[in-house]
Amino acid sequence: MRRAIALASNGPSNGVNPQVGCVVLNSAGTIIAEGWHRGAGTAHAEVDALSQLTPEQAQGSTFVVTLEPCNHTGRTGPCAQALIEAGVAQVVYAATDPGHASSGGAQRLRDAGIEVLGGVLEDDVEELLEEWMLAARLHRPHVTVKWAASLDGRAAAHDGTSQWISGPESRARVHEQRSAADAIVVGTGTVLADNPSLTARTPEGELHDHQPIPVIIGTRNVPGYALVHQHPLEPLIIGHNDLHAALSEMFDKGIRSIFVEGGPTLASAFIASGLADRLYVYLAPVLLGGDKVALGELGVNTLAERIDLEISSVETLGADIFITAKPTRKDE
């Protein structure tokens, strides 16, 4: 299974399909094939591995796969049925498929007389597929909210200048994080005030191979001169402020992870609505004072209503501090 997890990591981490790896063993326990999913529209990991086997080799083999074999027909057929038709003897998987349409593969295999064992290194695969799993379970994208601030929590100086609070190492990391997301989300206020390009770039100014879809939320018009119109991908403009509806719209368009980088108003709205799944916070060793705070209203009126943070990592990037955290409320 550890080998299958390593193979899964070869596949793209973006898009509607999860990273999945597969290892095939013969009756003697020897690896005879390996496979992984290379992206939407390509063979799933099990079918990729099957393609390397003769019918005789597949018959009676054991498939070790990171995710429960799918049980539905999309761009490709159900993997569970392919394994049944191949005559495999056993299937071992790590995590259960949470999808409403795609789940049930394990039971289909059992009904066909195939021995099935699930839950092997499940936590490892849940961690690998954290964003995809959440999106599949909740039918909305996984939400990462990012902000950069001075050590006293300001996102800009008194006159509104904010470039650059954080250092070059932090900015390079942010662009890597943008590239890892399906979409980057800002509000119309940020577009009008800062006119960002919303691309993911290297320190040398070159575009990363994968670009996030630019998404703009808000009721104000996006002007024709806005740099976002020069983005390699067509912007998705959502002309309202209903975040739940906006996430549903993004999910329906195949977006499974978003990177919210839209200023204090939008960041605070996602957190206050309980929709922030992960926080990326960059703290620079400067003091700015004033009223340009990094976060605004969060729906916290008393200390008892505070939003606690489960901090998963603290890292030094140049002179900055980078914190990864998950928000939780006391009543959760």
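**Figure 1. Salt bridges in the predicted model.** The structure holds 12 salt bridges. The model is predicted. Side chains of opposite charge can pair when their charged atoms come close. One of the 12 salt bridges joins the side chains of Arg 137 and Glu 126, with 2.7 Å from N to O. This pair links distant parts of the chain, 11 residues apart. Arg 137 sits in helix H7, residues 130–138. Glu 126 sits in helix H6, residues 122–128. Arg 137 is partly exposed, because its relative accessible area is 44% and the partly exposed class lies between 20% and 50%.

**Figure 2. The salt bridge between Arg 140 and Asp 277.** The closest N and O atoms of Arg 140 and Asp 277 are 2.9 Å apart. The two residues come from distant parts of the chain, 137 residues apart. Arg 140 lies in the loop between H7 and strand E6 (142–150). Asp 277 lies in the loop between helix H11 (263–272) and strand E11 (278–284). Are Arg 140 and Asp 277 buried or exposed? Arg 140 has 11% relative accessibility, so Arg 140 counts as buried. Asp 277 has 13%, and Asp 277 counts as buried too. The cut-off for buried is under 20% relative accessible area.

**Figure 3. The salt bridge between Arg 178 and Glu 261.** The side chains of Arg 178 and Glu 261 meet at 2.8 Å, N to O. Arg 178 belongs to helix H8, residues 168–180. Glu 261 belongs to the loop between strand E10 (257–260) and H11, so the pair ties together parts that are 83 residues apart in sequence. Both Arg 178 and Glu 261 are buried. Elsewhere, Glu 130, Glu 131 and Arg 278 form one network, joined by salt bridges that share partners.

**Figure 4. Aromatic rings of strands E10 and E11.** The whole structure contains three aromatic pairs. A pair of aromatic rings is described by the distance of the centres and the angle of the planes. For Phe 259 and Tyr 280, the ring centres are 6.2 Å apart. Their planes stand at 55 degrees, so the pair is tilted. Phe 259 is in strand E10 and Tyr 280 is in strand E11, 21 residues apart. Phe 259 counts as buried, at 2% relative accessibility. Tyr 280 is buried as well, with a relative accessible area of 12%.

**Figure 5. The stacked pair of Tyr 282 and Phe 322.** The centres of these two rings are 4.5 Å apart. The angle between the planes is 20 degrees. Tyr 282 lies in strand E11, and Phe 322 lies in strand E13, residues 320–329. The pair links distant parts of the chain, 40 residues apart. Tyr 282 counts as buried at 1% relative accessibility. Phe 322 is buried with a relative accessible area of 3%. Ring pairs link Phe 259, Tyr 280, Tyr 282 and Phe 322 into a cluster.

**Figure 6. The buried side of helix H4.** H4 spans residues 79–86. Its buried residues include Cys 79, Ala 80, Leu 83 and Ala 86. They cover an arc of only 125 degrees around the axis, which puts them on the same side of H4. What covers these buried residues? The cover includes three helices: H2 (45–50), H3 (55–58) and H5 (105–111). Strands E3 (62–67) and E4 (90–95) also take part. Gly 87 follows H4 and has a positive phi, near 75 degrees.

**Figure 7. A nonpolar surface patch on strand E12 and beyond.** Leu 309, Ile 311, Val 314 and Ile 321 make this patch of about 360 Å². Strand E12 (residues 307–317) gives the largest share, three residues. Val 314 is found in strand E12. Is Val 314 buried or exposed? Val 314 has 59% relative accessibility, so Val 314 counts as exposed.

**Figure 8. Arg 220 and the residues it touches.** Arg 220 is in the loop between strand E8 (213–217) and strand E9 (236–238). Arg 220 touches Thr 188, Gly 189 and Leu 192, leaving aside residues up to four places away in sequence. From Arg 220 to Leu 247 the distance is 19 Å, C-alpha to C-alpha. In sequence, Arg 220 and Leu 247 are 27 residues apart.

How values were computed. Residues are numbered from 1 along each chain as its sequence is written. This is a predicted model: local features need pLDDT of at least 70, side-chain atom pairs count only at pLDDT 80 or more; totals for chains, interfaces and linings use all residues. Side-chain values use heavy atoms; hydrogens and water are left out. Patches are made of residues with over 30% relative accessible area and no salt bridge: like charges are joined within 9 Å, nonpolar side chains (Val, Leu, Ile, Met, Phe, Trp, Tyr) within 5 Å. Accessible areas come from the Shrake-Rupley method with a 1.4 Å probe; for residues, only the protein chains shown count as cover. A salt bridge is a side-chain nitrogen of Lys or Arg within 4 Å of a carboxyl oxygen of Asp or Glu. Helices (H or I, at least four residues) and strands (E, at least two) are DSSP runs, numbered from the N terminus. Buried means under 20% relative accessible area, exposed over 50%, partly exposed in between (1.4 Å probe, protein chains only). The arc is that of the directions from the helix axis to the C-beta atoms. Contact means heavy atoms within 4.5 Å. Rings of Phe, Tyr and Trp (its six-membered ring) pair if their centres lie within 6.5 Å; planes under 30 degrees apart count as stacked, over 60 as edge-to-face and the rest as tilted.
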